[in-house]
Structure formats: C-alpha cells, structure tokens
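Thank you all for coming; I would like to walk through one structure with you this morning, going from single residues to cores and then to empty spaces. Please have a look at it first, and then we will begin.

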Amino acid sequence: MSNYLVVVTSVDLRSRVVEWLAASGCPPREHLHVALDATRDLLLVSPRVRDGLLPAVPDRASRVTGRMPTVPTGEFFRGTAMVPEHAAIAFGAQGWSALPDAVRRDPHGVSGEFVLVSWDTATVRVRRDVLGSVPLARTQGPGFAAVGDSLLVLADLRAWLASPVTPDERSLLSRTSTLSICHQQLGERTHVREVAYVAAARGVGVDVASLTTRVDGPSLVDRVVDVELDDVAALRAAATFVVRAMGTLAARDDWDVRLLLSGGYDSRLLLAGAVRFGTHRTLVVETTDHGPSSAGDVAVVRDLAARYRLLLNVPRRLHGERRWLDSPLAVVASGTLGFYDTVAERRTARRGDVGITGLGAGVYKGAWGWVPVRSMRTVRAVPKDVRDLVADELADGVRATGGDPGWADASELSYAGFRNGLHGGAGGLLTGMTSLRPLNEVGLAAVGHRRTDGRPALRRRHRARLRGAVEQPMADLLALVDPELAVLPYDSPERALPPATVARRLEALGGPLGREAEREIELLGVPADVPYGPTRLGLGIAERRGFGGLIEAEHLLALADDGVEALTDRTVRDAYARLLRDARVALVDEGRHPRDAGAATGKLLAATMLGTFPVG
C-alpha cells in the first residue's frame, strides 16, 4: 500500500490535482491541501493525515476550493521511531514529539519505520528512517514536484498532469534475473525514467520556488563508514538495548505484540533479550509451518517454546480495530511494486499491530560477502546477457550511498543502501507502520563496517579488513545477551555455536552485561496512535489501472500476458516473456500460490503496470 505522498504544485494545477484525488476516490480525511504562499500549494496524503500533524494545522477538511488554509510552516510524522542511544521507541506523532530535541533535530539518523515531512515557504523536506525501511522516491515536472513511497502513485500523478511516464529499459533488464540480488532496487534508477529512488540515510528536499527535488542529508557512508567508534562499547550498547527493548515490549500484554521466531541467529537474539530480562513467558511467539522447507525452523522453535514455556502461536491480542482488505492485489500494486519484487498477500490490517522480527541484522553481519561489487558471487551467478548491466547498476547504487564499488565492503553498502530496507519493511508496510526490527540500527551497521587493520576509514579501503566479515559475527551479541540460549541447537548444524566459542567471545567483550540491562526503555505514544491500513488514493489508482481483486494465479497471469505484450522494446519483451513462462510453470504446473512462486510474478506485475501508461 501507499503510506504517504507529498506534492508541491503551482496553483495553476490546483483544479487538476483536485480532479485526480476525486477520480481515485481519495476522501478528505486522507489528504491535507494547504497554500504555502500565493503561488504554491502543498498536498499531503496519508491515512488520517491530520493525526500526524505537528504543530496543529487547521483541522477542517481541506476541500481545495478557492480558499485554502495558508500554513507557511508545519511538520507531519507517521510511523515508529527507534532510538537506541536514548533507550526509547516512539509511536506516532505524539511519541515523536516527546523525543529529545537532539533526536528530532537529526531525523536522518533515527532508526525505525517512519516518514517525516517538514515545510516552510522555501523548502519542503521529506525524511525517513535512516536505514530506509520506508521507500522514498522523487519526481518532478512542469508545475509540480512529488515525493512518495509508491511507483504506481507517482507515475499516475505524472500521467494525470500530462507529464511522460517512460519505461527504463536498463532498470527492467537488470531485474530479470530471479536471483535474490535482483529482487529490488539496485540503485537510484527505477523502472520509470522520470522517477528516482533514494538510497538509505538520505532524504529529499523540494525547492518551493523552482519546484525541483534534490537528495539531502548525510550519506550512508557518513553514518556507518567514516565514523569513530569503540566496537566493544558499541556491541555492548546494542546488546543492552535488545535486552531492555525486548524485555519491555514482552511485558505489554495490553498491546498486540508478537515475535516472529525462526531457527536462526537473529530472532533467537531477540528471544534471548526477553529471556535475559525475565519477561519471556508473556511474549507471544509465532512461527509458520510452510511444509518441508521450514521443518528445521519449526522443530527448533517448538523445542525452545517447550524449554522456556513460551506462548507459541496463541490467538492474537486484538485490542484494536481490524480492517478487511478485499482487494489485496491493489494493496501490493500501490505499495512497493516496482521497487521490490516479492508478492506478499495481506487480507487484513490491524490497528496497533506490533510484529517484531530479526530482519535488519544483515547491516551488521553482512549479506553479500564483504567484497567489491565485481567480486560478488551472486553477481557472477547472474546470467551472462545481463551480468554487466546488473554489476553497473549495483555500482551506481554504491556510489549513491557515498561509497566506491571497489571497496572491500561495497557489497554490504549496496545491501544496506537498498535491499535491507526494502526486504525488511515490505511485508509490514503493506498494512501499517508499527513493525519493529531492533537489530536494524545504524550503530550495529557502523560496527560491521569498522576496519580491523588499524588504518583510517577511507584509506585504501579496497583492501580493508572489516569487523562484519569475521566468522559468525552474531555470536558476539548472543554471548553478551544469553550464553546458555546461544549454544542451543539451530535450524542447521552449520549454525552451531560451541560453548567454548561463546565463552571466548564473551570474555573478549568484557563479560556479562551489567545492571544497565535491567531497566525498561521508554515507550512514547502507543501503537494505536499510528494510522493503519492503505490509502484510498493508492487503492483507487491501482483499481483504475486494472490491479484490483484477489492475488490468484489465473488473474495474475492474464494481467502479465497483456503486460508483456505491451512492452515496446524487443529485448525487454523477450526477457519478460521468459519470466512469464517461468511464472506459468510455478503457478499452474506446480500449483504454487503466488506468494510462494518466487519473484518472477512481482517482476511481471511491475512491467505490466508500466504498460498501463501511454508511451511518449
């Protein structure tokens, strides 16, 4: 779904924008339309948009007639902010406003999943969580500039305002491989030439006078590479936050909190936090049995649940309202489609739903090998006809993070700059912005990228030795939080952590955590403060473009047939025709559900989406 849209326009386009909102079924409660000055309008679209305003903006429904409220300055926040250095998690606008001034003055550096919009008569600024869980893309044209999280919504706005929507053949071809490295944005280039994606850590500024967009804020390299830190102190601080956060959240039986537990290291560390704090018996733990492919996970989780008397797969704590989503395809199409290729199905949205996962640990431990771009094994495995193209796109993405594709950690800058946020946030962001990933934080990322060879951060970095590249880096955090739980079996023998290894790591890190891990963190605001569910604008656009209904094989394949046929570039069309054959085998011959059929379906739907816009 689309969680937000920010548009700055000339007043000459006011009536066209009003028509667009009406044609898409966007209700007054979802949009705020104010005059920045006599020549420029600002449009904000988000569920219950006025709930996110700081300071107060006139709360009457803005109908964008001849008289609009003039609001020369303002601020809007939606989502959840996680601030380990202040031992706080903030939900919604009230929670954000309660954070220390120093945090709110540097929102580019805050973790979580949120969007923050601030404006005055000169500039509109759009920021999101530092590691990019919330998608951020920008576009501009005659009389307007826009920033949002949905490629479909931005493209539809462009088309409605008579600006071109041009398929980008390089982007489309670079995503045809079904290897996971090609399942999301590789860099700033998107499937639409006129829309640019923004790397993690950066925000967007819109110049009100010229109606142009620019990337602003410190780069990812500024945040995680070119920094001074004591890695032992940083690891102890991260472990302490995990204990305090999980211990505090596990005790909130008045909230719908649950931990998604697997047989691996990352979610095990989060469970260990609750065990160390002593609140694990009130923590709801979930795991899903997908058959033989998840047998190892399920067996380990069941053993852990029995040993620690966990609340495993118990009924949800439904303390708030629920919303049935009768058009799940529209939810996907108006969300990350085109930015991220996996199709996730959501049939309900729940207010105040706090799902906790171990996703995000890859920013610390790495995911793609701690190597230069051209040395990545996954790049070498990409089919030869697009291999150089994929490598070039990845290299451009590394440059967008402030790095160099020849650096020893270029692979992980690419991962942290694009895949980490999109992969970690995609599922939860389809229905809300209250998920938590306690390991997805910039302090841990900086430890992973710290040099261990004693050289300055940026000098001859192509030959650097890096902390995150050590064997089993998660063993450090597990040893600090709970050595006993760390050595219990995992989902595969290769993950086993021998007691001697754990003891050695614990000693090297200064021994067990102290009393500072026994205090609760601050929970500011409540999850129910955060508006949930998709925007009517996004759903309306998706349905108008033919992406309504259920996520069913026959429907998706019919859409994809038309979409492939509409691709005008022969090379692109042939590549997507091959994907269509693969998808048909998975969905029809093998009978898989679209969510289990790999990324080919999502890639096809993204290409199909482009076919709904006239070329030229």
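Let me start with L422, which, if we leave aside its neighbours within four places in sequence, is in contact with G132, P135, Q184, Q185, Y197, F339 and Y340, where contact means heavy atoms within 4.5 Å. Before going on I should say that this is a predicted model, in which local features need pLDDT of at least 70 and side-chain atom pairs count only at pLDDT 80 or more, while totals for chains, interfaces and linings use all residues. Residues are numbered from 1 along each chain as its sequence is written, and side-chain values use heavy atoms, with hydrogens and water left out.

L422 lies in helix α14, residues 410-429; helices (H or I, at least four residues) and strands (E, at least two) are DSSP runs, numbered from the N terminus. Is L422 buried or exposed? L422 counts as buried because its relative accessible area is 1%, and buried means under 20% relative accessible area, exposed over 50%, and partly exposed in between, with a 1.4 Å probe and protein chains only. One of its partners, Y340, is 82 residues away in sequence, yet the two C-alpha atoms are 6.5 Å apart in space.

Another partner of L422 is Q185, which sits in the loop between α5 (169-174) and β10 (195-197). Q185 also counts as buried, because its relative accessibility is 1%. Its contacts, again without the neighbours within four places in sequence, are R175, T190, Y197, G338, F339, F418 and L422. The side chain of Q185 also reaches the backbone oxygen of G187 at 2.9 Å, which brings in the polar contact, a pair of N or O atoms within 3.5 Å; within protein, one must be able to donate a hydrogen and the other to accept it, and residues adjacent in sequence count only if both atoms are side-chain atoms.

A polar contact between two side chains is found at D266, which is joined to K365 at 2.8 Å. D266 has its place in helix α8, residues 265-277, and it counts as buried because its relative accessibility is 16%. Beyond the neighbours within four places in sequence, D266 is in contact with G358, A361, K365, L439 and M474.

For an exposed residue, please turn to R309, in the loop between α9 (295-308) and β15 (311-312). R309 counts as exposed because its relative accessibility is 55%, and its phi is near 55°, a positive value in a residue other than glycine.

Next come the cores, where a nonpolar core is a set of buried Ala, Val, Leu, Ile, Met, Phe, Trp, Tyr and Cys residues joined through side-chain atoms within 4.5 Å. Which residues touch the most other members of the largest nonpolar core? Of its 88 residues, they are L44, W119 and V124, and helix α7 (residues 231-250) gives the most to this core, with 10 residues. Apart from it lies another core, of 74 residues, among them L13, A553, L567 and Y576.

Finally, let us turn to empty space. On a 1 Å grid over the protein atoms alone, a cavity is a set of points where a 1.4 Å probe fits but cannot get out, and a pocket is an open set with protein on both sides within 12 Å along at least five of seven lines; lining residues have an atom within 4 Å of a point. Grid points are joined across faces, edges and corners, and a volume is the space filled by probe spheres set on the points.

The second largest pocket has a volume of about 320 Å³, and of the 18 residues that line it, the closest to its centre are P84, E85, A237, A238 and E441. Helix α7 gives the most to this lining, with 6 residues.

As for cavities, the count comes to 7 of 30 Å³ or more, and about 60 Å³ of space lies in the largest cavity. Its lining includes Y340, a residue we met as a contact of L422, along with V332, A426 and G602.
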